[in-house]
Amino acid sequence: MTRTGIRHRARAGTVRPRHLIAGLLVLVTAMTGTACATGDDRPSIVVTTNILGDVTREIVGEEAHVTVLMKPNADPHSFGLSAVQAAELEQADLVVHNGLGLEENVQRHVDAARASGVATFAAGEGADPLTFHTADDGGSEGGEGQPDPHFWTDPDRMRRVTGLIADQVVEHVKGVDPGTIRANADRYTKQLTDLTTWMEKSFRNVPEDRRALVTNHHVFGYLADRFGFEVIGAVIPSGTTLASPSSSDLRSLTQAMEKAGVRTVFADSSQPKRLAEVLRTEMGGGVRVVALHSESLTAEGAGADTYLRMMRSNTTAMVTGLTGG
């Protein structure tokens, strides 16, 4: 073998130190440039659910980078995190989560982030939470029982939470402009006030004798409390989709529906409708199942991709379902 051949093989099989250092410098420069280009140098806010993520983005605007962990059309009770997402929580300036037991597979990661010194805010705890409405407890307020995490079905409570999120951002996220955050929150609060007014007007079209709700699981207690509806029951007699109904649960529900003359069941569009459709068999047919976007936003352009559009879509579907229109 020639000396030239030996020289060529060495070049192909080894990397000289100065070449390695130069390559690393290029890589670091490229990564830095990408971070600047994507705005990753801004403060970081991580939000667990996509409903709260949408509201937080309205409040924050361009003042901070907002990461939403829950994907569109996901179930907040059962979605989990990747290792990368879990790490993002512990690197955030602020974590906004629903709390009240909603994010059942994510709470331990939020707790870990808090233990590491990250500021966290449980939005539901500031929303004057109710307890679950069931046929046995006679109401959704007071008494014993678990707190209902679905506060967002009442836009007035979401308006309260909007102000609290703004307070948390101003207090814990360094580098944001407090004036901008407050102005964004005030603008969005006005939109929430308009939403409440519109929902009140829409629900007036539902006669008093038809203001009864049956859902896949207990999710509309706050809406019922705010707009004068009665929650007859749920196919899954719990505040979580991870529970399962028994035959006696279904029997009790069908009896309550027969007594109240209810033939419409509202099922979350992100959940299989099998449980709700069981009622059709139990009640001899004639039960109408209406899909709602109750716990998750949709993908962009799919009809409920923001909180405001979700609430308007659900209101329209409920009025139509309850009036037989």
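These are my notebook entries on a helix pair, a salt bridge, a pocket and a cavity in this structure, which is a predicted model.

**Entry 1: helix 7 and helix 11**

I began with helix 7, which covers residues 178–203, and helix 11, which covers residues 307–323, and I found that their axes come within 10 Å and cross at roughly 5°. Since angles under 35 degrees count as roughly parallel, I noted that helix 7 and helix 11 are therefore roughly parallel to each other.

I then looked up which residues meet. On the helix 7 side I listed Tyr188, Gln191, Leu192, Asp194, Leu195, Trp198, Met199, Ser202 and Phe203, and on the helix 11 side their partners are Tyr307, Leu308, Met311, Arg312, Thr315, Thr316, Met318 and Val319. Sorted by class, the residues of this contact comprise 11 nonpolar, four polar and two charged.

**Entry 2: a salt bridge from helix 7**

My search of the whole structure for salt bridges gave 13. I followed up one of them, in which arginine 182 pairs with aspartate 167, and the closest N and O atoms of the two are 2.5 Å apart. Arginine 182 belongs to helix 7 and aspartate 167 to helix 6 (residues 155–172), so this pair ties together parts that are 15 residues apart in sequence.

**Entry 3: the second largest pocket**

Which element gives the most to the lining of the second largest pocket? I found that helix 11, already met in my first entry, gives the most, with three residues. The pocket holds about 200 Å³ of space, and I counted 13 residues in its lining, with Arg210, Gly261, Arg263, Thr264 and Leu322 lying nearest its centre. By class, I recorded four nonpolar, five polar and four charged residues in this lining.

**Entry 4: the second largest cavity**

I next turned to enclosed space, and found that the structure holds two cavities of 30 Å³ or more. I looked into the second largest cavity, whose volume is about 50 Å³, and wrote down its lining as Thr215, Asn216, His217, Val219, Phe220, Phe266, Ala267, Asp268, Leu292 and Ser294. The elements that give two or more residues to this lining are strand 5 (212–217) and strand 7 (264–268). When I sorted the lining of this cavity by class, I obtained five nonpolar residues, four polar and one charged.

Technical notes. Residues numbered from 1 in each chain as written. Predicted model: local features only at pLDDT ≥ 70, side-chain atom pairs only at ≥ 80, totals over all residues. Heavy atoms only, no water. Axes fitted to C-alpha atoms, helices over the stretch in contact; angles between N-to-C directions. Helix = DSSP H or I, 4+ residues; strand = E, 2+ residues; numbered from the N terminus. Parallel < 35°, antiparallel > 145°, perpendicular 65-115°, else oblique. Contact = heavy atoms within 4.5 Å. Nonpolar A, V, L, I, M, F, W, Y, C, P; charged D, E, K, R; others polar. 1 Å grid on protein atoms, 1.4 Å probe; cavity = no way out; pocket = protein on both sides within 12 Å on 5 of 7 lines; lining within 4 Å. Points joined across faces, edges and corners; volume = space filled by probe spheres on them. Salt bridge = Lys/Arg side-chain N within 4 Å of Asp/Glu carboxyl O.
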